[in-house]
Amino acid sequence: MRKLLPALYNRFRDSKQTQGWRIIGVARQEMTREEYLNLVNEHCRRFIPGGEFDEPAWNAFTTHLEYLRLDGLQADDYAELARRLQNSSERIRVFYLSTAASLFAQICQNLAAAGLVTPQTRVVLEKPLGRDRASSFEINEAVGKIFEERQIFRIDHYLGKETVQNLIALRFGNSIFEPLWRRSNIQDVQITIAETVGVEGRGEYYDRYGALRDMVQNHLLQLLCILAMEPPSSIDPDAVRDEKLKVLRALKPITPDCIKAKTVRGQYRAGAINGKAVPGYLDEEGIPGDSHNETFVAIKAELENWRWSGVPFYLRTGKRMQERVAEIVVNFRPVPHAILPVSASEGNRLVIRLQPDEGVMLYLMVKVPGAEMKVRPVDLNLDFKQEFKTRQWDAYERLLMDAILGKLTLFMRRDELDAAWKWIDPIRDGWDSLGEPPKTYAAGTWGPTAANTLITRDGFSWREDGYQ
């Protein structure tokens, strides 16, 4: 209701290629089609900005919506779905599995048993795909027996964001950056995804996964891959994903002897967000009072290859943080010999903002007007909304259309996923072996103080002053 249907509505409204769509909502709840449409009308309108809502277009869109009560684990329930889709085997079918990953294998097996899988069928799998490398392997093995790899779309909505597309364009469409994009010129990289929300009614789910599995294993590592990968030979899906895989395989393992020096995990306690009191994690609905699950993670990641050896990549994500922001910060090395009075904390910096507003800022040193030769950083700010004056596609719009069209570039390949889990699992095991609870932080702050120590130990600091 919040993401998928609004995204499909936007594509329906703006594209002439969608008139033949059939969209079937499937769930275990008993509902008539009329009741389903009432539910859709009630909820979806809240998540479609007023300027984008067009009553005639919405009414036309809803004529393509159907509803079917179906229990994904009951093979007999698929007979009605097969009946509705009979005589359409030549058409593209996209099954979007918005369920727990533990159900993926059984649902795919039931789809196949009901004769619903054709060469034109795709399946979209939501993250996180499993809880560790072993469970991920089992799921991929089971799904892979039903669908070919070209039919499997492992979705990470961050890869559909306009700014991530522009990161690819920035790197590989401009000759000025490639000579600088290496260890000799870049001092450190920071990737932050901070949320002000808590578990939002998903306590039982979230407490099983935590920030490491829910955010680092997919979102942050995928951003790191695009930032650090070598130029692919083309934009072909496998050419791009081959280079991303090399990055994941080049990640230096975080072993038990360095787990405390290179990682921080935290858990929010009661505090205030935008002046409003909010409960601590242990007081949230569905959370056990003795939970050691993390809501914050900071990691110092390193790549063992020629381009990036010695350059730290600092990853940070958390819930109930001071600001809602997602951005990549590339700090360039200072000039080799300073003849101008410049603070050690100032210099050239590239900031790629993914949310709440999307854009790119390049900080350069310029002279302050006046008699003295004083310089300070000034940003060249590219705000996508201001620059292009057109509505930007939502991430789900792009990814859903890519799935329909069979474009795999922005989706994770199986070996990518396996390499990500291979790096993540030892971190989780290291925390377990330490037996220490997460460090607490007040809601409405930037996380545990240990996260600052993690980066200041190397002489750097998180970019936080720019958020205000």
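# A tour of the sheets, two helices and a surface patch

Thr192 stands opposite Arg316 in β11. Select these two residues to begin, and keep in mind that the model is predicted.

**Strand β6 and its two neighbours**

Next, select residues 186-194, which make up strand β6. Eight of the nine residues of this strand are buried, so β6 is largely enclosed by the rest of the structure. On one pairing, β6 runs parallel to strand β11, residues 313-318, and six bridges join the two. The other pairing to show is with strand β12, residues 325-332, which runs antiparallel to β6 and is joined to β6 by eight bridges. Return to Thr192 for a moment: its bridge partner in β12 is Glu327. Strands of a sheet pair through backbone hydrogen bonds, either parallel or antiparallel.

**The sheet of nine strands**

Now widen the selection to the whole sheet around β6. Which order do its strands take? The order is β15-β14-β13-β12-β6-β11-β10-β7-β16, an open sheet of nine strands with mixed pairing. Colour β15 and β16 (439-442) to mark the edges; each has a single partner strand, so one side of each is left without a neighbour in the sheet. Ignoring direction, neighbouring strands of this sheet are turned against each other by 20° on average.

From β12, step to strand β13, residues 349-355. β12 and β13 pair in the antiparallel sense over six bridges. To see one pair of partners, select Asn331 together with Arg349, its bridge partner in β13.

**A nonpolar patch on the surface**

Switch to a surface view and select Leu364, Val366, Val378 and Leu380. Together these residues form a nonpolar patch with about 280 Å² of accessible area. Strands β14 (359-367) and β15 (375-383) each supply at least two residues of the patch. One member to click on is Val366, in strand β14. Is Val366 buried, partly exposed or exposed? Its relative accessibility is 35%, and Val366 therefore counts as partly exposed, since that class lies between the limits of 20% and 50%.

**The sheet of three strands**

Leave the patch and go to a second open sheet, which has three strands in the order β3-β4-β5 and parallel pairing. Its edge strands are β3 (93-97) and β5 (152-154), each of which pairs on one side only. From one strand to the next, the twist averages 20°. Select β3 and strand β4, residues 121-125, to show a parallel pairing over five bridges. Within this pairing, Val94 has Arg122 in β4 as its bridge partner.

**Leu111 in helix α5**

Select helix α5, residues 104-113, and pick out Leu111. Leu111 has a relative accessible area of 2% and is buried. Then add Phe95 and draw a distance between the two C-alpha atoms: the separation is 9.3 Å, for residues 16 apart along the chain.

**Helix α13**

The last stop is helix α13, residues 414-434. How far apart are its end C-alpha atoms? They are 31 Å apart, which agrees with the 30 Å that 21 residues should span at 1.5 Å a residue. Buried residues of α13 include Leu417, Trp421, Trp423, Ile424, Ile427 and Trp431. Also among them are Glu416, Asp425 and Arg428. To finish, select Gly435, which follows α13 and has a positive phi, near 70°.

Conventions
Residues are numbered from 1 along each chain as its sequence is written. This is a predicted model: local features need pLDDT of at least 70, side-chain atom pairs count only at pLDDT 80 or more; totals for chains, interfaces and linings use all residues. Side-chain values use heavy atoms; hydrogens and water are left out. Patches are made of residues with over 30% relative accessible area and no salt bridge: like charges are joined within 9 Å, nonpolar side chains (Val, Leu, Ile, Met, Phe, Trp, Tyr) within 5 Å. Accessible areas come from the Shrake-Rupley method with a 1.4 Å probe; for residues, only the protein chains shown count as cover. A salt bridge is a side-chain nitrogen of Lys or Arg within 4 Å of a carboxyl oxygen of Asp or Glu. Helices (H or I, at least four residues) and strands (E, at least two) are DSSP runs, numbered from the N terminus. Buried means under 20% relative accessible area, exposed over 50%, partly exposed in between (1.4 Å probe, protein chains only). Two strands pair if DSSP finds at least two bridges between them. Axes are lines fitted to C-alpha atoms, for helices over the stretch in contact, and angles run from 0 to 180 degrees between N-to-C directions. The expected span of a helix is 1.5 Å times one less than its number of residues.
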